[in-house]
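Please walk through this model with me, starting from a single side chain and working outward to the interface and the chain interiors.

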There are 2 protein chains.
Amino acid sequence: MKKTNFIKISKPTLIIDRARCQRNIQLMADKAKTHNLIFRPHFKTHQSLEIGRWFKNIGIDKITVSSWSMASYFADEWQDITVAFPFNVLEIDTANALASKISLNVLVESPETVRFLHKNSKYHLGVFIKIDVGSHRTGVLPSHTFLIDAILHQIEKAPGLTFLGFLTHAGHTYRCRSIGEIQAAHHECLEQLRLLKQKYRSNYPQLMITIGDTPGCSVADEFDDVDEIRPGNFVYYDLMQVQIGACAADQIGVAVACPIVAKHAERHEIVIYGGGIHFSKERLEHKVYGIIYGQVVEKKGDGWGQLIPSVYLRSLSQEHGVVVVGPERFDEYHLGDLLYVLPIHSCMTANLMMGPLSESYKFI
Amino acid sequence: MKKTNFIKISKPTLIIDRARCQRNIQLMADKAKTHNLIFRPHFKTHQSLEIGRWFKNIGIDKITVSSWSMASYFADEWQDITVAFPFNVLEIDTANALASKISLNVLVESPETVRFLHKNSKYHLGVFIKIDVGSHRTGVLPSHTFLIDAILHQIEKAPGLTFLGFLTHAGHTYRCRSIGEIQAAHHECLEQLRLLKQKYRSNYPQLMITIGDTPGCSVADEFDDVDEIRPGNFVYYDLMQVQIGACAADQIGVAVACPIVAKHAERHEIVIYGGGIHFSKERLEHKVYGIIYGQVVEKKGDGWGQLIPSVYLRSLSQEHGVVVVGPERFDEYHLGDLLYVLPIHSCMTANLMMGPLSESYKFI
């Protein structure tokens, strides 16, 4: 539990506010408990063994990841992992190696993939059918029960595969812009899953419904017929989640500390060392500022406080960020100061700054 | 010079076509020679010692980087490095450590930074003044000669600093959409630098003009008064450079090989394992397809051939990419096949796929 020494930060560094993140984790765990849900958090957001232990410390023992690389990384400490990504047949060797050691669940959305698993998987696998409830990225449409039946038929033939239920990610809640909109999208998602559960539960009385989007899991209170939640982003949240209506700005648990390297008095802009290779090029259309890549917060002790109005990242190149500051605050910033910037999409930023091999982060 | 064994690719992998890249390098080196220019390529695009050696093999001995991390990485093999980023005073220790071993040039755009270097740098540094010729990211406006004079005044006082000249990156050529537009922007850039050279060369007869943008360096033929070029992206090029008019699609030297993990017959789309953490979220507004994140090419032997019309990446999430395929070609693609996708911005993609610690790339 080392304290950060800010004097040592000399390049873009992800600052992780332990207290905010642990509060976010506790809130979600409490919500799962209240609604009698299994809580299987998605670890793609932080990709960190250390943060994983914060979950373990409050009794969580099942996780979600989105790649076999992440599953391999976490498999030493976690014995029950769902790889929430359409099964990639080219990675069967990794899947077999892991399945020999831990309990693994995979996602399928075609009979072909199930046939492949039947033939090639060497150990037991739990199998979820991915359902597309409206995001139209992956999954079987709930109305395509002929396809669901065909998949189930293949699973039945494979003794090493167990059908566990229907899994979805209501990614279209990311297009919402208020709590009401999120709740409506969430309700519509549940309606579709409920019909599936009703249709299939006579043959599969144990079948589970598992949902995953941070907006729905954060603000909805309707979880009838849901058995498991798998949110990931909520551990950090970010400006996108604020815009969606999923959290408040003061719940955001990460900021990027960036050195100021140039000042442009003629346009009241500041240039920071902090670019697309630190934040990612994820953007957001702000209703006042237009397209932005991050927003600046006040420094406060070892961490940060409120958003500073009208101070935001207007553009990013590989290493540079250009920050609009405005005339009133321009003189408050100096070359060599650190600017704290909240990211648009914390999953993408954390992937760049705190992957297993990176050291560009500090805990406070 | 190991041959790629494609059978081994099971997850998103950057494929680097050695022949195309070496042709791009040779063309740029020839152009520099024709115009009697120093060729100091920017290594931020590839960040690779191996690719660096391709330059060394044709006699290049000076390079450009955009961070002290990259400078440190390349300093074992390269003895003359320009760090083309506004000097970050917080990294003075790294700068001093490197300057004790190799020849280093830095960028400044304020008298404050020069004062800091005067006081804190322990070894000789070459100093360029960064000029903003229109991209409005960093640099002194050419009309602000009072500021240039103030910077020069500070440099004069510092015996360890040598003023080398004016450096610019005409990043606004990235907004061009034809060779004619690039040439016009390039001409305007040179006009501004020429006036500065005329004004300051009586006091500094050796002063250099150094320019860096890939579009201008690729297609312009006007280099009077230019002493050095520092393009980087040209080694790979990408779809953005095709759109700008800087290269042809068949000059692009990298593609990302991505496994097909799902097919959606009802909308003739394919889902690949290949998302924002592989491509970056860099996007491009295509005149026919709208916002795209990559375009698919034909597989051809160990490499790839032409762009396939109307087959493109329409969206990216962390690990997934959704590819619009259309009804005619839908049946040509199968689960487990590799799709080859040209990136929008190769610098960002390569940073994710072939940083010093990554192994997600293969040479062909």
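The side chain of Thr138(A) makes a polar contact with the side chain of Lys130(A), at 2.6 Å. The model in which this pair appears is a predicted one. Thr138(A) belongs to the loop between strand 6 and helix 6 of chain A. Its relative accessible area is 1%, and because the cut-off for a buried residue is under 20%, Thr138(A) is buried. Which residues surround Thr138(A), leaving aside its neighbours within four places in sequence? From chain A, Thr138(A) is in contact with Pro86(A), Glu109(A), Lys130(A) and Asp132(A). From chain B, Thr138(A) is in contact with His264(B), Arg267(B), Val271(B) and His320(B).

The loop between strand 6 and helix 6 of chain A also holds His136(A). At 37% relative accessibility, His136(A) is partly exposed. The backbone of His136(A) has a positive phi of about 55°, although the residue is not a glycine. Most residues other than glycine have a negative phi.

Two of the residues in contact with Thr138(A), namely Asp132(A) and Arg267(B), reappear in a network of salt bridges. The other members of that network are Glu266(B), Glu269(B) and Arg314(B). Side chains of opposite charge can pair when their charged atoms come close.

From here the interface can be taken as a whole. In chain A, 57 residues are in contact with 57 residues of chain B. The size of an interface is often given as the accessible area lost when the parts come together. For chain A and chain B the buried area is about 4,500 Å², with 58% of it on carbon and sulfur atoms. Four salt bridges are found across the interface of chain A and chain B. Lys281(A) and Glu282(B) form a salt bridge, their closest N and O atoms being 2.9 Å apart. The count of residue pairs in polar contact between chain A and chain B is 22. On the side of chain A that touches chain B, the elements that each supply at least two residues include helix 3 (68–74), strand 4 (80–86), helix 5 (111–120), strand 10 (254–264) and strand 11 (269–273). Helix 10 (276–279), strand 16 (320–324) and helix 11 (346–353) of chain A also each supply at least two residues. By class, this side of chain A has 22 nonpolar, 20 polar and 15 charged residues.

Helix 5 of chain A, one of the elements that touch chain B, also has buried residues, and these are Pro111(A), Thr113(A), Val114(A) and Leu117(A). They cover an arc of only 160° around the axis, so they lie on the same side of helix 5 of chain A. An α-helix has 3.6 residues a turn, so residues three or four places apart point the same way. The buried residues of helix 5 of chain A pack against helix 4 (92–99), strand 5 (103–108), strand 6 (125–131), helix 6 (145–157) and strand 7 (161–168) of chain A.

Salt bridges are also found within chain A; over all chains the count comes to 30. Asp17(A) and Arg20(A) meet in one of them, at 3.1 Å from N to O. Asp17(A) is buried at 11% relative accessibility, and Arg20(A) is buried at 10%.

Which residues does Arg194(A) pair with? Arg194(A) forms a salt bridge with Glu222(A), the closest N and O atoms being 3.5 Å apart. This pair links helix 7 (residues 179–200) of chain A with the loop between helix 8 (214–219) and strand 9 (228–229) of chain A, the two residues being 28 residues apart. Both Arg194(A) and Glu222(A) are buried. Arg194(A) also meets Asp225(A) in a salt bridge, at 2.9 Å from N to O. Arg194(A) lies in helix 7 of chain A and Asp225(A) in the loop between helix 8 and strand 9 of chain A, so the pair ties together parts that are 31 residues apart in sequence. Arg194(A) is buried at 15% relative accessibility, whereas Asp225(A) is partly exposed at 26%. Asp225(A), a residue other than glycine, has a positive phi near 70°.

Technical notes. Residues are numbered from 1 along each chain as its sequence is written. Chains are lettered from A and ligands numbered from 1 in the order in which they are written. This is a predicted model: local features need pLDDT of at least 70, side-chain atom pairs count only at pLDDT 80 or more; totals for chains, interfaces and linings use all residues. Side-chain values use heavy atoms; hydrogens and water are left out. Contact means heavy atoms within 4.5 Å. Buried area is the accessible area (1.4 Å probe) that two parts lose on being put together, summed over both. A salt bridge is a side-chain nitrogen of Lys or Arg within 4 Å of a carboxyl oxygen of Asp or Glu. A polar contact is a pair of N or O atoms within 3.5 Å; within protein, one must be able to donate a hydrogen and the other to accept it, and residues adjacent in sequence count only if both atoms are side-chain atoms. Helices (H or I, at least four residues) and strands (E, at least two) are DSSP runs, numbered from the N terminus. Ala, Val, Leu, Ile, Met, Phe, Trp, Tyr, Cys and Pro count as nonpolar, Asp, Glu, Lys and Arg as charged, and the others, Gly among them, as polar. Buried means under 20% relative accessible area, exposed over 50%, partly exposed in between (1.4 Å probe, protein chains only). The arc is that of the directions from the helix axis to the C-beta atoms.
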